[in-house]
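The following paragraphs lead the reader through a structure, beginning with a pair of packed helices and moving outward from there. Please keep the sequence and the coordinates at hand while reading.

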Amino acid sequence: MQYTLLILVLPLLSFIVLGLVDSKWKPKVAGTIGTVVLGIITALSYFAAWEYFSMHRIAGVYEKIIPFNIEWLRFTDYLHINLGILLDPISVMMLVVITTVSFMVNIYSLGYMVNEKGFERYYAFLSLFTFSMLGLVVATNIFQMYIFWELVGVSSYLLIGFYYTKPSAVAAAKKAFIVTRFADLGFLIGILVLSFYTKTFDFGILTSGDTSVFASTVGASFMGISVMSWALGLIFIGGAGKSAMFPLQIWLPDAMEGPTPVSALIHAATMVVAGVFLVARLFPLYVVYSPEVLHGIAYVGAFTSLFAAIIACVQTDIKRVLAFSTISQIGFMMVGLGVSGNGGHEGVGYMASMFHLFTHAMFKALLFLGAGSVIHAVRSNEMSHMGGLRKYMPITNITFLIACLAIAGIPPFSGFFSKDEILSACYEFSPYMGATMTFIAGLTAFYMFRLYFNIFWGKEHKHQHTPHESPFAMALPLVFLATVTVLAGWIPFGHFVTSDRANYDIHLDFTVATISVLIAVCSITLAIIMYRKESKVPKRLATTFSGLHKAATNRFYIDEVYIFITKKIIFNNISLPLAWFDRHVIDATMNGMAGTTQWVSVKIKGFQSGQVQQYAYVFLLGTLIITALVLIF
Amino acid sequence: MGVILYYMNFLSLFVLIPVLMMLGLFVSNSRKQIQFITATGASLLLILSGIITYMYLTERAAGNVAEMLFTADTVWYAPFNIHYSVGVDGISVAMLILSSIIVFTGVFASWKIDPLPKEFFLWYSLLSIGVYGFFISTDLFTMFMYYEIALIPMYLLIGIWGTGRKEYSAMKLTLMLMGGSALLLVGILGIYYTSGATSMNLLEIAKMKIPLTAQYYFFPLTFLGFGVLGALFPFHTWSPDGHASAPTAVSMLHAGVLMKLGGYGCFRVAMYLMPQAAHEMAWFFLILTGISVVYGAFAAIHQTDLKYINAYSSVSHCGLVLFAILMMNETAATGAILQMLSHGLMTALFFALIGMIYGRTHTRLITEMGGLMKVLPFLGVSYVIAGLASLGLPGLSGFVAEMTIFFGSFQHTDTFHRVMTIIACMSIVITAVYILRVVGKILFGAIQDAHHEHLTDATWFERISVVTLIIAIVAIGSAPFWISGMIHESVIPVISHLAK
């Protein structure tokens, strides 16, 4: 399967070409190049997926194949960074997800971004992002993953800050980069620790189940915690940064400053699930060497999911609602992994998590693109500027509704199937976890339909221009993704991706399913009552729970904490004193030495006056003193 | 000419070409001629460094395992056994490539230098003689002499062509570095006399055993002496003032190459010749360099002058060089050399761009600039690339160097060293903070000053300078294997000598 290399090379070439020509070509040409390249690699990925899933199975287990691997940099005899391609069920699935969404976003942007300045720059960055993300998922070793991880981070920075004359976009881009960079430090140190003990970066060796690799970690601990827990915990911090887990989620809502298609691609469907992918990739290690860290991941995921869902209920910027919903859904995926065991029925959480990753990518991209279509029509992100749009934008309305039903977990839409598997895995882990996640699923249904009704129903806002349906280039991806959202639930996912790469037949747990569907339906009904027509209920609720409402609207003040730490502590209490210390203590000491030298030279320069009388006088005096001394002693 | 070459071998061309440049400059009398002479000379040097690299790699591929290649030796001053001896290994070849790129781009960055272009380039050539001579020498005394040759022109270049408090800065820089070289002279003489060698040749002294008590005295002296030039905390304060006042090309050459003399000397002279003392005393210097790395980065956050930011960033990055060589293993040492190379290119690019921006806006304060990306897209994009290289983006040189250092250092079996490595790792986050702060302030957002609306983007000679540096940064960053391999091979003899 050598041709998979093309999947990586083509977007890179497209980035280089589009980056170098800058604005010398017509914008349309740049857009077409980017989109065509994406089309080609999407086709290649589908073909690769077909070939892989139909042919590379030995005794019922999918094999791992490495069609390409070169040594890029050698640290020591055993530690060397390779760049290569690893194909296994999760990476092949990710190839399909990334190329599909990316291709859709490329097409969509032809319509959405066409009047923007820097169209070719936009497509160059999109290509760079796609290249980096693909490189990340096919990484053969953890260091290659880190390399592309950083590249993904920088493409995200460039795309969030695409409107670089807008200060809020620049600040958001900076914040996203620095927060994730901070998390990446954890990732890096995790790799340092892991590679120090195992002497390898290679996923193949790490996840082979060979215990001799970990021989030197046995009994090794630091501050009472085993080194494997340290390594895996630190690596998870990296994943938590990219996947916006609490308390590192602060960058994601701000990242909505970027163009909407970018939010769909990067901050909903692909990059933000990199952390989930990372945990899934190292899952055999987590499950065997540090179950406590794995459980920690489950709790972090559950808490983040709840936290974000509550905030999503009160936000008024439609992109931010979607951003918090993304955080919440990624929490679901993390929980799925965290509660999972390895293999067979035990591993259902893993399978469900990957399944949810897949379906979520499709319907969340659809939601964002739909939101983009709305924003394009009304030129605002605020819910209060919308309402009653269903008459003007039928396609957007229907596709958005489908996505909402999917995320709310209504059968037969795809979200129902994947979320339900996660819920049953949770119930098996502990009833409390199951109940919590079911409650969050209910919240999800509520806030999504609050969003839906506020945009497409409710009181009509007076528009300056009559809103109109989006052009074909934007409608096509909506329709395509909606189709996938409707159908994807019927994919027998357990036949493709499982924790032990063997076959697993999904059984719907009817008790769990019934409960969750009931709760979802109740939540939707509630949303209908509150938001379909203008009503006083929301306002009354807000005044009743004014404390909670205010806190949630302000996102529980986590951003204020962030500002406090960066501005007050780092900037004013570390950096400022250090800069002062450097100038007024260290440098002053150096200047002081120079000053002392000068002072001494001024004082003693009298000795070199050049006056013969003075010399004779001193000479005489000296002679007398010495004579006197000789005589006395 | 042939006779000279016969005695001096072709490595000496690196010194000879700048000498010829100086002669040419003496007789030139128009700006055109000056530009022609310097551009030709600098291009020749660049080509020559390419040829040397090629020859070096072929020679190694052919199985030549001598520690130094292309050696030559001529007695220079018999009473003290001072020889003019030259030779290169992978480390010096890397440094020659670096110097040639910086000298070349420096010429184009100061294409329109004013006033006194002739004098400027005379001193500039003298400075490059010192730099090249230092890297090709294997004789301690000759090395020291070239070191001094490189320092002196700095005083005049800053004092005459500088900006701001130039006299003060020039004086400060020269005095502090001279102070360092005073320590160094004592150190070198001490090494020579206590080793009992019959010449000052590095390779020969390395075979001798310097008594341990003598090592205790001379190792710190030599390490500090070179360390001052490598911006070792707390002797780094010449760097912010010096860089801020220096003209563009001088900042480039100074931060890009001259500061590398420090790291190179620490490794090649202090550590190589006095391994026992190095082992015993490394912890102390490790703490100092660890402070440099983190402290420099934190101090950079709060600066408002572009050049100060980069000067402090250099303290941090050069601190990493010294930090890595003190780890005393092959990988970390390879990383140190890569970091010298990478930092040299990055800082030169930064200083070149700052000079170009300053030439247009007449300010270096980030508070007085904004939105420059719109009016200066070429310079803006290049600045972003330099920034990304500096904060360690994969695909650019900084990442390769830093990662080699971190992973090399972390292989140390001692927990103290590993903890220090983790502390040093933190600098990558702080670096991101100050780089993005600057980029956000000066390039993005709205234009601050109405006068900046009509600035013109880079001219052709500025583009040559910037593009050359970017190509080098990308080349090392995306295909590091060959240069890393070349350096690694040459680090082995030094490290195995240290391990004894």
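**A helix pair in chain B**

Helix 7 of chain B, residues 166-195, packs with helix 9 of chain B, residues 212-229, at an angle of about 150°, and their axes lie 8 Å apart. The model under discussion is predicted. The crossing in which helix 7 of chain B passes helix 9 of chain B is left-handed. From helix 7 of chain B, the residues that make this contact include M176(B), L177(B), G179(B), G180(B), L183(B), L184(B), G187(B) and G190(B). Helix 9 of chain B contributes, among others, A214(B), Y217(B), F218(B), L221(B), L224(B), G225(B) and V228(B). By residue class, the contact of helix 7 with helix 9 of chain B comprises 14 nonpolar and eight polar residues, with no charged residue.

Helix 9 of chain B also borders a loop that leads to helix 10 (238-245) of chain B, and P234(B) lies in that loop. The peptide bond joining F233(B) and P234(B) is cis, with omega about 0°. Chain A provides another case: the bond from F246(A) to P247(A) is cis, with omega near 0°. P247(A) is placed in the loop between helix 8 (227-242) and helix 9 (251-254) of chain A. As background, most peptide bonds are trans, and most residues other than glycine have a negative phi.

Where in chain B does phi take a positive value in a residue other than glycine? F70(B) has phi near 55°, and phi of M328(B) is likewise near 55°. F70(B) belongs to strand 1 (residues 69-77) of chain B, whereas M328(B) sits in the loop between helix 13 (306-326) and helix 14 (330-361) of chain B. As to burial, F70(B) has 19 C-beta neighbours inside 10 Å and so counts as partly exposed. M328(B) counts as buried because it has 21 C-beta neighbours inside 10 Å; the threshold for a buried residue is 20 or more.

**Chain B as a whole**

Chain B contains 21 helices and two strands. Its radius of gyration is 21 Å, close to the 23 Å that the globule rule gives for 500 residues, and chain B is therefore as compact as a globular protein of that length. The C-alpha trace of chain B spans about 70 × 60 × 45 Å along its principal axes. Of its 500 residues, 62% count as buried. Among the contacts in chain B between residues at least 6 apart in sequence, 80% join residues at least 24 apart.

One pair of residues shows such a separation in sequence. H279(B) and A499(B) are 220 residues apart in sequence, and their C-alpha atoms are 8.9 Å apart in space. H279(B) is located in helix 12 (residues 275-301) of chain B. With 15 C-beta neighbours inside 10 Å, H279(B) counts as partly exposed.

**The nonpolar core**

Which residues have the most contacts inside the largest nonpolar core? They are A365(A), A94(B), L349(B) and L353(B), and the core has 420 residues. Helix 15 (residues 348-378) of chain A supplies the largest share of this core, with 20 residues. Residues up to four places away in sequence aside, A94(B) touches I337(B), L341(B), I483(B), M486(B) and I487(B).

Helix 15 of chain A is followed by a loop to helix 16 (394-408) of chain A, and G387(A) lies in that loop. G387(A) has 21 other C-beta atoms within 10 Å and is therefore buried. Apart from neighbours within four places in sequence, G387(A) is in contact with N454(A), G458(A), K459(A), E460(A) and H461(A). By contrast, G387(A) and M228(A), which are 159 residues apart in sequence, are separated by 53 Å from C-alpha to C-alpha.

**Where the chains meet**

The contact between the two chains takes 36 residues from chain A and 40 residues from chain B. On the side of chain A, the elements that give two or more residues are strand 3 (65-74), helix 5 (142-160), helix 6 (167-198) and helix 23 (558-604). Helix 6 of chain A gives the most to this side, with 12 residues. The residues on the side of chain A that touches chain B divide into 26 nonpolar, four polar and six charged.

Note on methods: Residues numbered from 1 in each chain as written. Chains lettered and ligands numbered in written order. Predicted model: local features only at pLDDT ≥ 70, side-chain atom pairs only at ≥ 80, totals over all residues. Helix = DSSP H or I, 4+ residues; strand = E, 2+ residues; numbered from the N terminus. Rg over C-alpha atoms; globule rule 2.2 N^0.38 Å. Buried ≥ 20, exposed ≤ 12 C-beta atoms within 10 Å, placed from the backbone. Contact = placed C-beta atoms within 7 Å. Nonpolar A, V, L, I, M, F, W, Y, C, P; charged D, E, K, R; others polar. Axes fitted to C-alpha atoms, helices over the stretch in contact; angles between N-to-C directions. Left-handed = near helix turned anticlockwise from the far one by under 90°. Core = buried A, V, L, I, M, F, W, Y, C linked by C-beta atoms within 7 Å.
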